[in-house]
Amino acid sequence: SRRTSTLLKLGVKHSQLTDTAGVALAKALETNTVLQGIGLHGNQLTDTAGVALAKALETNTALVGLGLRDNNLTDTGVVALAKSLETMTTLQEIYLGENQLTDTAGLALAKALQTNSTLLKLGVKHSQLTDTAGVAL
């Protein structure tokens, strides 16, 4: 039988994690009711992991913080994450800066903020957002 985890925060920053690990983590998040924070900054995660994490956020009810700064995410992964933020009611912080985000991602995040009432911190520093997304946000 599987051991029930009581791990509250997981930080695997500046490692060599790829989408294989990102997708596996996302799958575990779909049913995990304990883990509250994940820091995956500075890895090699792409939109494949971003989309898988977005799917996990649709059913996860425990996560309050997600750090994906300094990976290889583009608008595709971040738009998927933004769509899940529209209905997610637990996430309070998400960090997406230092990825390849353009106004497409920025506008999707702005749309998510219109309905999401729990997100307190949104990090998008060092991205390619222009005034269009900046004003919307």
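**Exercise 1. Which backbone nitrogen lies 3.1 Å from a polar atom of the side chain of His 41?** Place His 41 in the predicted model, then describe its surroundings.

*Solution.*
- Start with the location: His 41 sits in the loop that runs between S2 and H2.
- Next, check accessibility. Buried means under 20% relative accessible area; His 41 has 8% relative accessibility, so it counts as buried.
- Now look for the polar partner. The backbone nitrogen is that of Arg 69, 3.1 Å from a polar atom of the His 41 side chain.
- Finally, list the neighbours. Leaving out residues up to four places away in sequence, His 41 touches Val 12, Lys 13, His 14, Gly 67, Leu 68, Arg 69, Asp 70, Asn 71 and Tyr 95.

**Exercise 2. Take two of those neighbours, His 14 and Asp 70, and work out their backbone angle and accessibility.**

*Solution.*
- His 14 belongs to the loop between S1 and H1. Its phi is positive, about 50 degrees, although His 14 is not a glycine.
- With 57% relative accessibility, His 14 counts as exposed, because exposed means over 50%.
- Asp 70 lies in the loop between S3 and H3. Here too there is a positive phi in a residue that is not a glycine, about 60 degrees for Asp 70.
- At 30% relative accessibility, Asp 70 counts as partly exposed.

**Exercise 3. Decide how helix H2 (residues 47–57) is placed in the structure, and name what its buried residues pack against.**

*Solution.*
- Find the buried residues of H2: Asp 47, Ala 49, Gly 50, Ala 52, Leu 53, Ala 54, Ala 56 and Leu 57.
- That is eight of the eleven residues, so H2 is largely enclosed by the rest of the structure.
- The packing partners of these buried residues are helix H1 (19–29), S3 and H3.

**Exercise 4. Test the length of helix H4 (residues 103–115) and find what covers its buried residues.**

*Solution.*
- H4 has 13 residues, and at 1.5 Å a residue they should span 18 Å.
- The end C-alpha atoms are 19 Å apart, which agrees.
- Buried in H4 are Asp 103, Ala 105, Gly 106, Ala 108, Leu 109, Ala 110 and Ala 112.
- Their cover includes helix H3 (75–85), strand S5 (121–123) and helix H5 (131–136).

**Exercise 5. Describe the second largest pocket by its volume and its lining.**

*Solution.*
- Its volume is about 210 Å³.
- The lining has 15 residues; Gly 37, Ile 38, Gly 65, Leu 66 and Glu 93 lie nearest the centre of the pocket.
- Strands S1 (9–11), S2 (37–39), S3 (65–67) and S4 (93–95) are the elements that each give two or more residues to this lining.
- Sorted by class, the lining holds five nonpolar, seven polar and three charged residues.

Conventions. Residues are numbered from 1 along each chain as its sequence is written. This is a predicted model: local features need pLDDT of at least 70, side-chain atom pairs count only at pLDDT 80 or more; totals for chains, interfaces and linings use all residues. Side-chain values use heavy atoms; hydrogens and water are left out. On a 1 Å grid over the protein atoms alone, a cavity is a set of points where a 1.4 Å probe fits but cannot get out, and a pocket is an open set with protein on both sides within 12 Å along at least five of seven lines; lining residues have an atom within 4 Å of a point. Grid points are joined across faces, edges and corners, and a volume is the space filled by probe spheres set on the points. Helices (H or I, at least four residues) and strands (E, at least two) are DSSP runs, numbered from the N terminus. Ala, Val, Leu, Ile, Met, Phe, Trp, Tyr, Cys and Pro count as nonpolar, Asp, Glu, Lys and Arg as charged, and the others, Gly among them, as polar. The expected span of a helix is 1.5 Å times one less than its number of residues. Buried means under 20% relative accessible area, exposed over 50%, partly exposed in between (1.4 Å probe, protein chains only). Contact means heavy atoms within 4.5 Å. A polar contact is a pair of N or O atoms within 3.5 Å; within protein, one must be able to donate a hydrogen and the other to accept it, and residues adjacent in sequence count only if both atoms are side-chain atoms.
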